[in-house]
Amino acid sequence: MIVILKPNIAQQKQAQLIDWLKSMGLGVHISVGEFQTVLGLIGDTTKVDIDLISSLDIVEAVKRVTETFKCCNRKFHPEDTVVSVGSVKIGGGNFCMIAGPCSVESEEQIVGIAKDVKAAGANLLRGGAFKPRTSPYDFQGLREVGLELLKTARAETGLPIVTEIMSVADLELFEDIDVLQVGARNMQNFDLLKELGHTGKPILLKRGLANTLKELLMSAEYIMASGNENVILCERGIRTFGDYLRNTLDLSAVPMLHELSHLPVIVDPSHATGISRIVPPMALAAAACGCDGLIIEVHNDPPHALCDGAQSLRPEEYAALAKKVSAIREIAVC
Ligand code: PEP
Ligand code: MN
C-alpha cells in the first residue's frame with residue numbers, strides 16, 4: 001500500500017502519521033521526491049483502513065500495491081534511484097560504462113586494460129576474481145590475489161572496481177570492493193542476497209539464465225528488504241531456443257524494468273551474445289532503448305584470455321564502441 005502525501009505539509013504531522021502506521025506493525029518506506037512524498041507500507045496491510053487514512057488532511061491518495069515486490073517498485077518510489085559509487089552516478093539520467101576483462105589474470109593484464117578503458121572514458125573497471133565456471137576443470141579465478149590486483153588497478157587509474165562475489169563465506173574479503181556483482185548463477189542465492197542487504201554497498205544484480213523479470217525484481221527485493229537500496233539491475237541475456245548465440249539479449253526488459261522499478265538498469269551485451277563482433281551492435285541497441293549503462297568485457301589479448309576471450313573486445317574496439325554509444329545517447333535518450 002502507498003500513501004501519497006500532499007505537498008508542503010508540516011513535518012510534525014507527517015511524523016505523527018508515520019509513528020501511527022508503525023504502531024500497527026507496518027514498515028514505512030519514505031520516498032521524498034521533488035514534488036511529492038510517498039510512504040510505502042510494508043507488511044500485512046489487510047487490516048489498514050484505507051478510508052480512514054484517505055480522510056486525513058495531509059493525505060492526497062492511498063493505493064494498494066498488488067505486486068509482491070515493494071521496495072524496488074516504482075509505485076513506492078516514483079523517482080529514479082541514482083546509485084553512487086564514489087563520484088560515479090548510475091541511473092536517473094546518469095549513464096555508466098563498466099569495462100574490463102572477464103577474469104583478472106595478472107597485474108600487467110589488469111592494470112594495462114584498466115588504463116586503456118579509462119582512456120576510452122570508462123567509469124568503472126570490471127574483472128572477475130572468483131569465477132563461476134560451468135566446468136570445475138576450467139580456470140576458477142585468482143580469488144584473493146585477483147581482488148588485490150583489482151585494488152592495484154584502482155590505485156593506478158582511480159577507477160572504482162566491480163567484481164563478483166559467489167559466497168557469503170567470502171564477504172569479508174570484499175570489504176574494500178566498490179561494487180559487488182551477483183552473477184546470473186547466483187541470482188536466487190537468497191542467503192547471499194540477504195547478507196548483501198546488510199552491507200549497504202552497491203550491488204550489481206544480474207538476471208539469471210532462465211529467470212523472469214518478476215523473479216529478478218524479487219531478488220532485488222531480498223537485498224533491499226535487508227536495508228540496502230543500492231541495487232543496479234543487469235540484463236545479460238537469457239536461455240531461449242536460439243542456436244548461434246550464447247544467450248538471447250532481452251532488450252525489452254529495459255523499458256519494462258524501468259516501468260516496474262525505480263532501480264537503474266544496465267545491459268551486458270558480452271555474456272548475452274558470446275561473440276565479440278555482435279557485442280557493438282547490441283551495445284548500441286541497448287543504449288538506444290534507454291539503459292543506464294553497459295558492462296562490457298575487454299581483453300588485451302582475446303585469443304589467449306583464460307575466460308570468455310571469444311566475446312571480449314580489444315581495447316581499441318572498446319574505444320571505438322564507446323564513442324558510438326555516446327553518439328547514440330545524444331540522439332536517443334528514451
Ligand atoms: C561475468 O560477468 O563474468 C559473469 C560470469 O557473468 P554472468 O553471471 O552474467 O554469466
Ligand atoms: Mn565473462
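This is a short tour of a predicted model, stop by stop, with something to select at each one.

**Stop 1: the whole chain**

Color the chain by pLDDT. The mean is 96. Of the residues, 99% reach 70 or more. Now select strand E2, residues 27-32. Among the elements of the chain, strand E2 has the lowest mean pLDDT, at 92. Then select strand E12, residues 231-235. Strand E12 has the highest, at 99.

**Stop 2: ligand 1**

Select ligand 1 and show the residues around it. Which residues surround ligand 1? Start with Cys102, Arg126, Lys131 and Glu164, which are among them. Add Gln181, Gly183, Ala184 and Arg185, also part of the surroundings. Finish with Lys206, Arg236, His271 and Glu297.

Color this shell by class. Seven residues are charged, three are polar and two are nonpolar.

Next, look at three side chains that reach oxygen atoms of ligand 1. Select arginine 236: a polar atom of its side chain lies 2.6 Å from an oxygen atom of the ligand. Select lysine 131: here a polar side-chain atom is 2.9 Å from a ligand oxygen. Select arginine 185: an N or O atom of its side chain is also 2.9 Å from an oxygen atom of ligand 1. How much of ligand 1 does the protein bury? Taken alone, ligand 1 exposes 300 Å², and the protein buries 97% of that.

**Stop 3: the manganese ion**

Select ligand 2, the manganese ion. Which residues coordinate it? Show Cys102 (SG), His271 (NE2), Glu297 (OE) and Asp308 (OD). The distances run from 2.0 to 2.4 Å. Along the sequence, the donor residues follow the spacing C-x168-H-x25-E-x10-D. Pick out the last pair: glutamate 297 sits in strand E14, and aspartate 308 sits in the loop between E14 and H10, 11 residues apart.

Look back at the shell of ligand 1. Cys102, His271 and Glu297 appear there too.

**Stop 4: two donors up close**

Stay on glutamate 297. Is glutamate 297 buried or exposed? Its relative accessibility is 1%, so glutamate 297 counts as buried.

Move to aspartate 308. The loop holding aspartate 308 runs between strand E14 (293-297) and helix H10 (315-331). Aspartate 308 has 19% relative accessibility and counts as buried, because the cut-off is under 20%. Check the backbone as well. Phi of aspartate 308 is positive, about 60°, although the residue is not a glycine.

**Stop 5: beside histidine 271**

Select aspartate 268 together with histidine 271. Their side chains are joined by a polar contact of 2.7 Å. Histidine 271 is one of the manganese donors. Aspartate 268 lies in the loop between strand E13 (265-267) and helix H8 (269-273). Aspartate 268 is buried, with a relative accessible area of 1%.

**Stop 6: back to strand E12**

Select glutamate 235, found in strand E12. At 1% relative accessibility, glutamate 235 is buried. Now add alanine 286, which is 51 residues away along the chain. How far apart are the two C-alpha atoms? The separation is 9.8 Å.

**Stop 7: arginine 143**

End with arginine 143. Its loop lies between strand E8 (124-126) and helix H4 (144-157). Here is another positive phi in a residue other than glycine: arginine 143 has a value near 50°. Its relative accessibility is 37%, so arginine 143 counts as partly exposed.

Terms used
Residues are numbered from 1 along each chain as its sequence is written. Chains are lettered from A and ligands numbered from 1 in the order in which they are written. This is a predicted model: local features need pLDDT of at least 70, side-chain atom pairs count only at pLDDT 80 or more; totals for chains, interfaces and linings use all residues. Side-chain values use heavy atoms; hydrogens and water are left out. A residue is near a molecule or strand if one of its heavy atoms lies within 4 Å of it. A polar contact is a pair of N or O atoms within 3.5 Å; within protein, one must be able to donate a hydrogen and the other to accept it, and residues adjacent in sequence count only if both atoms are side-chain atoms. Accessible areas come from the Shrake-Rupley method with a 1.4 Å probe; for residues, only the protein chains shown count as cover. Ala, Val, Leu, Ile, Met, Phe, Trp, Tyr, Cys and Pro count as nonpolar, Asp, Glu, Lys and Arg as charged, and the others, Gly among them, as polar. Helices (H or I, at least four residues) and strands (E, at least two) are DSSP runs, numbered from the N terminus. Buried means under 20% relative accessible area, exposed over 50%, partly exposed in between (1.4 Å probe, protein chains only). pLDDT is the predictor's confidence in each residue, from 0 to 100. Donors are N, O and S atoms within 2.8 Å of the metal (3.2 Å for Na, K and Ca); water is not among the atoms, so sites may look incomplete.
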